[in-house]
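Biologist: Could you walk me through this model, one question at a time? I would like to follow the reasoning behind each answer.

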Amino acid sequence: MKQFLSVKRRTSLFVILSLILSLTNGFTARAAETITVTLRIEQDAATLLPPKQITMTADDLNRDYGIGLATGPDAAFSPLRALAKYMTEYRGATDETMSRYIMAQPSSYGGLFMNGLSLDGTTDGAASADALSGVYWNYAVNDNVGSVGISEAALSDSDSVVIYGLWSPYPAEDETLYTFFEKAEYTTAVGTPLTLTLMTHEIQWTPDSAVKGVAGATLTAAACHDENGALQGGTPVVSAQTNSDGTASLTFSQAGRYVLSASRRAADGIHYDISRPYALVTVTDAAPAKTPAATKVPAATKTPAATKTPAATKTPAATPSPAKGSNTTGKKVKAPAKPKSVAAWQINKNNPRHAALFKKKNVTITWKSVKKAAGYRVYLSKKKKKGYKKLADRKTTSRYIEMHTRLKKGTWYIRVRAYRKKGKKRIYSAFSKPAKVRIK
């Protein structure tokens, strides 16, 4: 009987411990959650914060940092939370004073939007009193402009986050662009031209959209102050203008480490219409030219005996070239079927599904995917039957494809073609039926 009670007691204890572990398991897993991201802050033509590593833990998800960030299960490791963590660790902000550093307001679309910033917290907490207010603050993750609110986007470990401020052109027709370089770091030598391309996505809120060069921007290189990439006075040592393809070349006269950036004035000549990109370049001393070794004069050689001329060989018959539209094995590559169900409409700002994407004259385009298509090209025209020009390329395996763009006021027609690849060439389908959209 005692043995039975002992076993029963041990079993009960095991059940209790299991229940305790199961109840605390979620908390334990969450408490161990930690991510480290790289944060950078840009405003107009100035770098406010060079790349800085910020580590966030589960404890940060339980703080609203005094600006109303979500906490608990609805909290996210967002760009705005990373900024608040930076202000706390490196700028002396507290939850009580954070509103003097970050001016954030509830958005009608959910979450918060940022309408002011102060690195030293000398404001009264109102965006109108801050020197960096009156600009449009946005963010990009891994060089892709965010498609949801700055307090809602969920970051992952090792993400690169840029928070940037530019003038808000709305309701003007001019558009501000997020820009970036092809690489984060470059290497060149003294006297050797370094060719760079400044890029942006054709559709700012769609990461899968094609990239294009940014023309008319001023590329600059300034000396680094330290290994973290801080500028030494910020005075450019070399600069160049990007051409129509967004490329330019910089030539350095001294070895060292430099910060690469770029800026471009808006049409009004006052504001800036591109975000400030960032990259590092290491310039090494030019390698001295080697003096070629003296070559020996070869000793006189005997004249060889005459050799017999070999019998002429027959020229092999030419092999036929592969037929157009076939691969090297002779297998023909068929054009894909044309896309169907193409539709387009102006985004409704009252639709919660598209609230985060809403901008004046923003348009949604959708179509049904084509079996085995490698991608799609979208075309745009003011006329239904002619004048179509490329709008963007899109790659996806989703059943239904959705993309966003911005169009000027008026009536537009959109057509889509699918394509398959044959080496470096594309085999296009027929055009889809045109979709009509009217922009008010």
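Biologist: How many helices and strands does the protein chain have?

Modeller: Keep in mind that this is a predicted model. The protein chain has both kinds of element, and its count comes to 2 helices and 24 strands.

Biologist: What percentage of the residues counts as buried?

Modeller: A residue is buried if its relative accessible area is under 20%. Of the 440 residues in the protein chain, the share that counts as buried is 41%.

Biologist: Which strands stand at the edges of the open sheet with the order 2-1-7-5-6?

Modeller: Happy to take that one slowly! This open sheet is built from 5 strands, and its pairing is mixed. In general, strands of a sheet pair through backbone hydrogen bonds, in parallel or antiparallel fashion. An edge strand has a single partner strand, so one of its sides is left without a neighbour in the sheet; that describes strand 2 (46-57) and strand 6 (144-145).

Biologist: What is the bridge partner of V141 in strand 6?

Modeller: Strand 5 covers residues 136-141 and runs antiparallel to strand 6, with 2 bridges joining them. For V141, the partner in strand 6 is N144.

Biologist: At about what angle does helix 2 run to strand 2?

Modeller: Helix 2 spans residues 79-90. It lies across strand 1 (34-43), strand 2, strand 5 and strand 7 (160-166), and its angle to strand 2 is about 95°.

Biologist: Which residues lie nearest the centre of the largest cavity?

Modeller: Rolling a probe the size of a water molecule over the atoms shows where empty space is left. The structure holds 1 cavity of 30 Å³ or more, and the largest cavity has about 100 Å³ of space. Its lining is made of 12 residues, and those nearest its centre are Y136, N138, Y164, T176 and W205.

Biologist: Is A255 buried, partly exposed or exposed?

Modeller: A255 sits in the loop between strand 14 (247-250) and strand 15 (256-263). Buried would need a value under 20%, and exposed one over 50%. The relative accessibility of A255 is 37%, so this residue counts as partly exposed.

Biologist: What distance separates the C-alpha atoms of A255 and G191?

Modeller: Leaving aside residues up to four places away in sequence, A255 touches V190, V283, T284 and D285. A255 and G191 are 64 residues apart along the chain, and their C-alpha atoms are separated by 9.7 Å.

Notes. Residues are numbered from 1 along each chain as its sequence is written. This is a predicted model: local features need pLDDT of at least 70, side-chain atom pairs count only at pLDDT 80 or more; totals for chains, interfaces and linings use all residues. Side-chain values use heavy atoms; hydrogens and water are left out. Two strands pair if DSSP finds at least two bridges between them. Helices (H or I, at least four residues) and strands (E, at least two) are DSSP runs, numbered from the N terminus. Contact means heavy atoms within 4.5 Å. Axes are lines fitted to C-alpha atoms, for helices over the stretch in contact, and angles run from 0 to 180 degrees between N-to-C directions. Buried means under 20% relative accessible area, exposed over 50%, partly exposed in between (1.4 Å probe, protein chains only). On a 1 Å grid over the protein atoms alone, a cavity is a set of points where a 1.4 Å probe fits but cannot get out, and a pocket is an open set with protein on both sides within 12 Å along at least five of seven lines; lining residues have an atom within 4 Å of a point. Grid points are joined across faces, edges and corners, and a volume is the space filled by probe spheres set on the points.
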